[in-house]
Each structure stands twice: as structure tokens, then as C-alpha cells.
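Hi everyone, thanks for coming. I'll put the structure up now, and then we'll walk through it one stop at a time.

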Amino acid sequence: MTDIADTSGPPVDPLGTAAAPEKSVRGQSPWRRVASDFVESWVAVLGLILLLIIIFVAVMAPIISPQNPYDLNQIRVEESRLPPGAASMTTPPTQDIDVAIDPTVAGPLSITFNGEAPFASVTGEATPNEDATSIAVSLTFDPPATIERVARVRVDGLPRGAELSIGEKHSFRSFWEVPTEGLSQFDITDADGIDAPFTLEIEAVGTEGEVLMTYWLGTDGQGRDMLSAIFYGLEISLRVGVLSGIFALAIGMSMGLIAAYYGGRIDSVIMRIVDIQLSFPAILVALILLAIIGRGVGNVILALIIVQWAYYARTTRSAALVERNKEYVEAARCLALSTPRVLFRHILPNCMPPLIVIGTLQVANAIALEATLSFLGIGMPLTEPSLGLLIANGFDFMLSGRYWISVFPGVALLITIIAINLVGDQLRDILNPRLRRDG
Amino acid sequence: MSLRKFALAATTALVLTAPAAWAEDLVIAVASEATSMDPHFHNTGNNNQIMRHIYDRLINQGPNQELLPGLAESWGPTDDPNVWEFNLRQGVTFHDGTPFTADDVAFTLGRAGDVPNSPSGFGTYTADIASVEVIDDHTVRIHTDAPVPLMANNLSTISIVSRAHGEGATTEQYNAGDVAIGTGPYRQTEYVPGDRIVMEANPDYWGEAPAWDTVTVRPISSSASRVAALLAGDVDVIANVPTADIAQLEDNPDVSLSQGVSNRVIYLHLDSDREQTPMITAIGGGDIENPLLDQRVREALSLAIDREAIVEEVMEGIAIPAGQLLPEGFFGVSDNIDVPEYDPERAQELLAEAGYGDGFAVTLHGPNDRYINDAAVLQAIAQMFSRIGLETQVDAMPRSVYFGRASDLEFSVMLVGWGSGTGEASSPLRALIATNNPDLGWGASNRGRYSNPEFDAILTEALQTVNDAEREALLAQATEIAMQDIAIIPTHFQVNTWGTRPDLQYIPRTDEYTLAIGVVPAD
């Protein structure tokens, strides 16, 4: 800050209408001055760079995302909850091998199977014991069953009560989970005797699958690529934040200007509406609105406009009240310029600095609000998750250690809001004369 | 008189393994709270499980919904198949000390189906009763117009209240606790909606002495919070352990898990009645004739669902793929129905045959706070429908909104679940698939309005067949017709998981109820 007592320095300009002389260049435009002031803080510059990257990612999301996370045809629930860095594979080959067993007949078995892998052929024979309480089955696989080729084997279709000599029965389902190697020789036993023919259903899942892509940030509970979902989510967040900000600004600004310019009853009415609106928490108003009009991007934007315009109206009015009584406005009026022209061409430009600041910060607020609404389950549709909904979905998986579903979208949201706030803070510093660092 | 005697000894060992009192307070956290303390107001699991503590039924249901003697020591049809006789237990007193008599039974059966403003009452279970005859203080005869073989199953759902208190009593009075007088092992002491229900041991209980001094049931709707409350020691038992956490909790020495198959099937109901259906349009909009009228389209939707993937991925293995209305082992299940194999190619062929080769646009509806992972299941099904060329959207909503709208037939394809209250197949067949007929109480939850006279005829016959084996065969046959027609599309059976302190365990129940009586020391 400039030391006011330092008389040797240049004269202080309390309104900040001119930059410090050593940096000032005659004819420098206000925008260039703002820019040069802005870069004084490296934190703000970092924020701006982050923000630009985020905007780039959001705008380019459909091009740079490995997957369209909103296309149900592209996501596969079979690949849900994969950790970061996991590969997306084609479905591994699966074979259903049906082995018809007759407890009264010993000898070769009739075996049908479908699919071309992991096995080319299976033959086998069964040897029931005398009282048919146990049947020894031997199966010959070509190529032999090995761990490298077979990922999982399940055996189903046993007579109720019968047991396999290999593997373990699932705790509540009817199939047995069987180790790959044991598949060539096993017994089926039932102390009560096996009296009717049955068909053993063997499901062998191979391991070969082709790598399609890598899920760098893992997948969510529906098999959605988190990286793509975050890119698309950023796009929704920014779209909602910016669009609702622009419309709220336009409405709020107009109302504020009208209130300040006309004063009296119009001012009272508008400002009381603003007061009433501001006395309710924004989230409450938005919740009620969305409960009535339903979810969806358009509705969220609408709700956020209704929630936010009051902030802009109040800010504009206070700024316009100061400007309204200045000589240049009087001069404009004396020239018999139309009211809209005085309002929008003369008063408004001089109210812009605080509006820019409020606008930036409100965009961050709107993004946070949208995320909150989605988190509560009334924002975006389920199949088009925004960051808030992604975080909410991941919340269910936090206790089980699958942090990535919640944490990564959370970090993305955090960075976005911090970046906007850093930029907004710096804008406030340089546009607010009282906080200006002129030294 | 040929009464089929049910000896007390038949009471399963399971229930009796509970030790005598170990004098402690038990806190149970459930996912959703009871809507009322009136035992006859709302027939829903959240309410019924509370009522099982405070009231007795003539006939109780064990953990697998097997029938056990309750306030009736023995029962059965008399020589006249239209008359059932119940021999009541002697020496039972209500919580206020007055004796329980046949008159209370007569009063209860009159009240159960006749509670004002009841959102779904017990009328289905009492509708068959023509009159109740009190023979003496401990004998009751129930007269019906036709044989009702399921009388015992039906009555095993109805809480017996006291006439002295219940006469003219309103639901509000039950909520306030003034008239909530039963004969059950626990007494209602406090009911704070949204926060807790507190019950204390009934020292004069006729059966096994209650094991806990007080039982507090708290609703904690967030799964994560429920698990956290158990881990923190705030509660002793939680219902509905979320599937995502089960693997983790299995390795946690501070928690013991109990798991059991439920009688609840999760299924898609399809609007197979109206010419136009509200939630299906041509791709890109535009009205089309309701494709679900075509049996081939319904079959295509069924084949398009990879039930194994839903169970393995969405339910993380904690469910059973379903091809009919009850899991194997239940009464009336057909052995001839396999779980439909996932076959998207065949599904597309069927769609093309039906003239929908280019697909159509459909919005799936379901609740997001009722069944285990309901919204996630719905999204997975949407994915699978997209794979056969349908343009699919998902709208999941809170149950408070959902069920009302579903019953108003606002949806075309909806995810619903049904637990068989009687523990056998006639319950879902009658409620979900029978032609909607409010007078008979049939098809009350038939939100797709499927109607097949052949099916109705077989079900009617089944419900009047006293011979168990014949009735079971008829129920299986009715099930086969319904599944052949794709009246509904079953996806999976729920498997429930309870979490307890490590020194306790829970005896899993197929009816999904969480009961203090089922909480026993770990072995």
C-alpha cells in the first residue's frame, strides 16, 4: 500500500482512476491496466491458467474423452468399479459345457458345449459306484485345463443334496466354484443315493480378452470411465454455472438499475422482493423449485437463475445509486437522452467492476450449488451424471475402499471452484479502489 | 373331527437356541421406519417387523416362514372344509394383565381389514372369512364360503389386539401408545416418528422369556451411516448391510455378518394392456402403438437382461438370478423354469420380427430407496436395453413418490419387488399377475394389467385345493403360464445381510424382518 505520509512519492489517486505513474503509459486502456495488475499475483495467474485448462477440457470433452459416458451403449456394467489404471477388456470367451450323467450307466458321457474357447473339445466318462451314492467323473480337455487359459469354472446342475469332491459350493447359490486343475477328475456323492439322470452344467470362463482402452481414473458403479465422466461433468458444471450466471446477471442488473434510477415505490418493491429472496438459503429455494419442475440441465439452470438474480440486483443498485447523482448522468439527462440509454450506456458501465467480481464468484457458487443439488439426487438425470452426482454415487463405495469413484470428481470440483475463486479474488482486489495496491 | 395337530415340539430348534435373559439393551438400526404403530394400518415389512415384537399372531412364522404355534396351539379345517377351528393357548395375558380370549380374536379379525385411511391393509388376508364363531373362551371357528387352504398362512400375518382397548380405537391412539396392548414378548413404551421406537421386555410373556431388557429400533436411511453406527458401537444390529461394504466387513473382526436368501423377487412390470403407453415413443419422439402388447417384445426385453451381470456386478454377488417369482425351495416353485439365458442377438431378432427392428424409446422407472441397489440395477438394465437398440432413459425417484405414480399407471416399464408374505407362490401370483379385480382383492399390484383367463382359472383352482401336493402343482403350473407369457420379467432374488456386534449373530429370515428375537449370541 502506498504510504500516504510519503510526500516525496507521486500524488495518491484515491479513486484509483489512474495507475501508478512509473508503470502507467499514457493512453493505456483500462483493460490492459486490469491485465497488468492481474499478473502481479502469481497465485491468481496460476488460478487463471487452471481455469483456462478446465475450460479447454470442458469444451473439448466430446473430442478428448476416451468414452462418451452418457452413451449407455459405450459403458459396460461388466467393468464396474475397476481401480485406476485398469484395462478395459473385451468379454472373455465363455463356454457352457453340458455333461449328461445317468447314475445307472457307466462309460463315455454325452457332452455338448458351445463357444470356441477356451476348449476345443471335451470327452469324459462316468463310473457310478454300486449303490449309486457316488459317481466318479473324469473329463479330458483339449487343450488341457490350465490356469493360464481358464479364469473361472463353475459347476451347476447337481441333484439337490449332492456334493462335489472338488471346489466349494457357493454360500447361497446352487453352483460350485471349482479350481481349474481339479476339473479333470472328480466325484459326485450323495449319501441318499442319486436316482435320476441329471445334467452337469460347467461354465468355463477363459482369460483371453483384448485390451480396448485404459481406465486411467478407474470406473464407477456402472462401468463408466471416470476420466471421461469428469470431463463431461466439468462441461455440465461450467455450462450450468456460466449460463445461469449470465442470465441471473442480466435480470438482476436490470432490476437493480431500475430500482436505483427510479427510486421510490419501484425501488421499494424490487428491493423487498430481493430481501425476501435473500432471507431464504439458496439451497432451500433451489430444492423446492426442482422438486416442482423436475430434474434436468435446463431446470437446474432455471432454478439457479431464480436463486441468484437477487445478489446481482442488490449489488447493481448500490453501485447505481452512487452513479445516479453524478454530474455525467445529469449531463446525459439534460441532453434529453432516453432513459434506457442513460441507464445502460452511461450508468451501467460505471457499475461494472463490482458486478464482474460478484459474477465470477457467483459462477463458482452456482457450480457448487449444482453439485449439491445433484449430490442430493435432484439435479442431473442418473444416466448423465455431473460432478455432484458422481461424488454422491461414489459415496456408497467409500467405506469399501473404492475411493476413486468419489474422490476424483471431488478433486475436479475443488480445483474448478478454487481456480474461479482465485481469479475472482484478484479481480476484486484490482477493481475495488479501496483494496487497490498502488505501490 | 380331524384336526391336524401341530405339536409345540415342532417349534424349530432355531428359535429356542436363544438363551434366557442376558439382561441388556438392544439397539437395532433399520433402513426405513414404520409408518404407524397401528398393527393393522399398513401391511409393509417395516411395520410388520415392529408388530412382531408387541403382538402375537394365532400362528407365527419361523425364520423360513414355516408356520409355528402362536396364540393358537393347534388348528386345522374341521370335517367341513369351509370351517377352520383354532384351539387357543390358555393362560395368556395382555400387557395390561387382562386375559386373552377368543373374543379378542373375533374382534381382531373384524378390525384387521377395516382400518380407515389404510394405504394397504390386511384385507387380502381376511377377505375369505365369512364369519367368526366363538365356541368358548379358547376355541374359535372360522367359516368361509369356499375351502381356503391358505387360512393358516393368511392368519399368520395378523397381529391379535385386545378388544377392550381396540374397540373404536384409531390409528392415532395406537401411535400414541394408549391402546397398543398386545400379548407379545415386548411392550411398546415410546414411539418418536423419525427417531426411535422403544420397547421393554414383557415379564409375563407366555413363551421363551424375552432376552433383552429393552429393544430400541432406530431408522437410519443412509447405508453408510448405518454401517458407521455399527462400527462406532452406537447400535448393536443393522439391517440391510450395503452390498458394496460386505467384502470389507467380512474381514472386520468388530462386525459379524449374517446372510440369508429372501422371499423377495425384483422384477420389471410391463404395461401390457393399453394401446398406447405413456413412457414409450418412437425413436426421436412421436407416438407409437404400445410395443409391450407383443409377447415377442416382452420376451426380447427379458432375453436382453444379463441377470448374471446384475448379480455379479451391481449386487456384487449378493443376489440370485431369477426366472420366476420365488427362489427354489419355496412352496409352488416350478422345477421346469430356468433363468433365461442372456441372449442379445435373439432379443434383436425378436424385436425385428415384431416390427421394432429399429427399436423404440423407453423410460424405465424405479424407486431409489426401496430395494437393495435399486437405482443401480435400473441403470444396468437401461444399458442392456440400449445394447439391443432401444433408446433408454432412467428415472429413479423416492418411493414416497414412486409407488403412488406406479399404481396410477403412469409408467410403462417399472422396477418393483415383491416379498411373499405367506411364504408360498400364491401371494405374488395373486397380487402381481392375476387380472386386476379390486372386489376379489386380486391383482392389487398388477401395475402392468396383464390378464389371462387361463391363468386366473388355474390360480382360482389352486387357491381352493386343500391337498398340498395338488395345490403346489397348480401353483407351479400357473407360474409357468405367467413366465411363458412374460407377464413380468423377474431379474433377481434379494439376499439380505445383517450386521451385528461380533459377540452376536442374527438368524436370517426369508421375510427380511429384523427381529430382536432373532439376535442370538455368536457361536
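Let's start inside chain B, with helix α2(B): that helix gives the largest share of the lining of the second largest cavity, 3 residues. Keep in mind that what you see is a predicted model. The cavity itself has a volume of about 50 Å³, and the structure holds 3 cavities of 30 Å³ or more. Who else is in the lining? Strands β9 (196–201) and β10 (214–219) of chain B each supply at least two residues, as does α2 (45–54). If you want to click on some of the lining residues, try Asn46(B), Gln49(B) and Ile50(B), or Arg196(B) and Ile197(B), which are among them.

Next stop, charges. Side chains of opposite charge can pair when their charged atoms come close. Over all chains, this structure holds 40 salt bridges, and I've picked a few for you.

Here's one: Arg154(A) pairs with Glu308(B), and their closest N and O atoms are 3.2 Å apart. Why does this pair join two chains? Because Arg154(A) sits in strand β7 of chain A, while Glu308(B) sits in helix α11 (residues 307–314) of chain B. Arg154(A) is buried, at 8% relative accessible area, and Glu308(B) is partly exposed, at 28%.

Now find Arg501(B). That residue makes a salt bridge with Asp236(B), with the closest N and O atoms 2.8 Å apart. This one links distant parts of the chain: Asp236(B) is in the loop between α8 (223–231) and β11 of chain B, Arg501(B) is in the loop between β18 (488–500) and β19 (504–506), and the two are 265 residues apart. Are they buried or exposed? Asp236(B) has a relative accessibility of 8%, so it counts as buried. Arg501(B) is buried too, with 19%; the cut-off for buried is under 20%. Arg501(B) also meets Asp503(B) in a salt bridge, 2.9 Å from N to O, and Asp503(B) is partly exposed at 41%. Going back to our pair between chains, salt bridges with shared partners join Arg154(A), Arg173(A), Glu177(A), Glu308(B) and Glu312(B) into one network.

Over to the surface of chain A. A nonpolar patch of about 730 Å² is made by eight-letter-soup names you can look up on screen, including Ile276(A), Phe280(A) and Leu302(A). Which helix gives the largest share of this patch? That's α6(A), with 4 residues. Both α6 (282–293) and α7 (297–324) of chain A supply at least two. Ile276(A) comes from helix α5 (residues 264–279), and it is exposed, with a relative accessible area of 52%.

Chain A also has an open sheet of 6 strands, in the order β4-β2-β12-β7-β10-β9, with antiparallel pairing. At the edges are β4 (110–113) and β9 (168–169), each pairing on one side only. Strand β2 (residues 94–101) pairs with β4(A) over 4 bridges, and one spot to look at is Val99(A), whose bridge partner is Ile111(A).

Last, some backbone oddities. Most residues other than glycine have a negative phi, and most peptide bonds are trans. But Asp142(A) and Pro143(A) are joined by a cis peptide bond, with omega about -5°. Ala336(A) has a positive phi of about 60°, and this alanine is exposed at 67% relative accessibility. Over in chain B, Asn240(B) has a positive phi as well, near 50°.

That's my tour, thanks for listening!

How values were computed: Residues numbered from 1 in each chain as written. Chains lettered and ligands numbered in written order. Predicted model: local features only at pLDDT ≥ 70, side-chain atom pairs only at ≥ 80, totals over all residues. Heavy atoms only, no water. Patch = residues over 30% accessible without salt bridge, like charges linked within 9 Å, V, L, I, M, F, W, Y side chains within 5 Å. Areas by Shrake-Rupley, 256 points an atom, 1.4 Å probe, with all protein chains shown as cover. Salt bridge = Lys/Arg side-chain N within 4 Å of Asp/Glu carboxyl O. Buried < 20%, exposed > 50% of the residue type's maximum accessible area, 1.4 Å probe, protein only. Pairing = 2+ DSSP bridges. 1 Å grid on protein atoms, 1.4 Å probe; cavity = no way out; pocket = protein on both sides within 12 Å on 5 of 7 lines; lining within 4 Å. Points joined across faces, edges and corners; volume = space filled by probe spheres on them.
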